[in-house]
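Here is a small set of exercises for getting to know a protein model. Try each task yourself, then read the solution step by step.

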Amino acid sequence: ARLHSAGHLLDLAVHELGFCWEAGKGYHFEDGPYVEYIPTESGRQLDLKNVEAKASVLQELQEKMRELIAKDVKTQIELVDGVRTVSMEGVGCGCGGTHVNSSAELGAVHVKKMKAKKGKLRVSYALG
């Protein structure tokens with residue numbers, strides 16, 4: 001539940017930093033959790049080939065995750081048009097996984113790396 005909810009909190013952090021990335025594939029298991037995003041033309045932009053820019057955004061994501069965990073963001077689960085939707089502060093997606101009640105239950109989350117490949121951006125994280 002903690003790994004899965006950390007992925008949803010990462011979606012919120014991305015949104016709050018001004019990126020309009022579409023969340024795609026998510027992998028929320030101990031052997032390497034990540035969320036894969038599809039960058040869009042709207043919102044804040046990131047040059048995926050610029051190593052320094054990616055490192056800076058990685059640090060921003062880490063700081064935003066700490067802030068959101070301390071804020072104790074509640075997890076909301078509801079049916080939207082027949083689809084089970086999980087959201088945190090209005091940022092959500094269809095999801096069938098198990099979740100914590102709020103971000104404070106996550107403990108530390110470490111945003112580990114960002115990797116761009118074939119127009120997608122994979123953001124890896126870990127609990128710690």
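The exercises below walk through strands, a core, a pocket and two loop residues of this predicted model.

**Exercise 1. The neighbours of β2**

Task: Find out which way β1 and β2 run relative to each other, and how many bridges join them.

Solution:
- Begin with β1, residues 22-27; four bridges join this strand to β2, and the two run antiparallel.
- Pick one pair as a check: Glu22 has Ile38 in β2 as its bridge partner.
- Now look at the connection. β1 and β2 form a hairpin with six residues between them. In the turn sits Gly32, with a positive phi of about 130°.

Task: Now name the pairing of β2 with β7, and decide whether β2 is mostly covered or not.

Solution:
- β7 covers residues 120-127, and four bridges pair this strand with β2 in the antiparallel sense.
- Tyr37 is a handy landmark here, standing opposite Leu121 in β7.
- For the cover, go through residues 34-38: four of the five residues of β2 are buried. Buried stands for under 20% relative accessible area, so β2 counts as mostly covered.

**Exercise 2. An open sheet**

Task: Work out the strand order of the open sheet of three strands, and say which strands stand at its edges.

Solution:
- The order is β3-β4-β5, and the pairing is antiparallel.
- β3 (75-80) and β5 (91-94) each have a single partner strand, so they stand at the edges and one side of each has no neighbour in the sheet.
- From one strand to the next, the twist averages 25°.
- To see one of the pairings in detail, take β4, residues 83-88, which is joined to β5 by four antiparallel bridges. Thr85 stands opposite Gly94 in β5.

**Exercise 3. The nonpolar core**

Task: Which residues have the most contacts inside the largest nonpolar core, and which element supplies its largest share?

Solution:
- The largest nonpolar core holds 30 residues, and Leu9, Leu10, Trp21, Leu61, Met114 and Val123 have the most contacts inside it.
- Next, sort by element: α1 (2-16), β2, α2 (51-71), β6 (109-117) and β7 each give at least two residues to this core.
- The largest share, seven residues, comes from α1.
- Zoom in on Leu61. Leaving aside residues up to four places away in sequence, Leu61 touches Leu10, Ala13, Val14, Leu17, Val111 and Val123.

**Exercise 4. The largest pocket**

Task: Give the volume of the largest pocket and list the residues that line it.

Solution:
- The volume is about 160 Å³.
- The lining is made by Glu36, Lys115, Ala116, Lys117, Lys118, Lys120, Leu121 and Arg122.
- β6 and β7 are the elements that give two or more residues to this lining.
- You have met Leu121 before: Tyr37 stands opposite this residue.

**Exercise 5. Two aspartates with positive phi**

Task: Locate Asp72 and Asp81, and decide for each whether the residue is buried, partly exposed or exposed.

Solution:
- Asp72 lies in the loop between α2 and β3. Its phi is near 60°, a positive value in a residue other than glycine.
- With a relative accessible area of 29%, Asp72 is partly exposed.
- Asp81 lies in the loop between β3 and β4. Its phi is positive too, about 50°, although Asp81 is not a glycine.
- The relative accessible area of Asp81 is 78%. Exposed stands for over 50%, so Asp81 is exposed.

Definitions and conventions. Residues numbered from 1 in each chain as written. Predicted model: local features only at pLDDT ≥ 70, side-chain atom pairs only at ≥ 80, totals over all residues. Heavy atoms only, no water. Buried < 20%, exposed > 50% of the residue type's maximum accessible area, 1.4 Å probe, protein only. Pairing = 2+ DSSP bridges. Axes fitted to C-alpha atoms, helices over the stretch in contact; angles between N-to-C directions. Core = buried A, V, L, I, M, F, W, Y, C linked by side-chain atoms within 4.5 Å. Contact = heavy atoms within 4.5 Å. 1 Å grid on protein atoms, 1.4 Å probe; cavity = no way out; pocket = protein on both sides within 12 Å on 5 of 7 lines; lining within 4 Å. Points joined across faces, edges and corners; volume = space filled by probe spheres on them.
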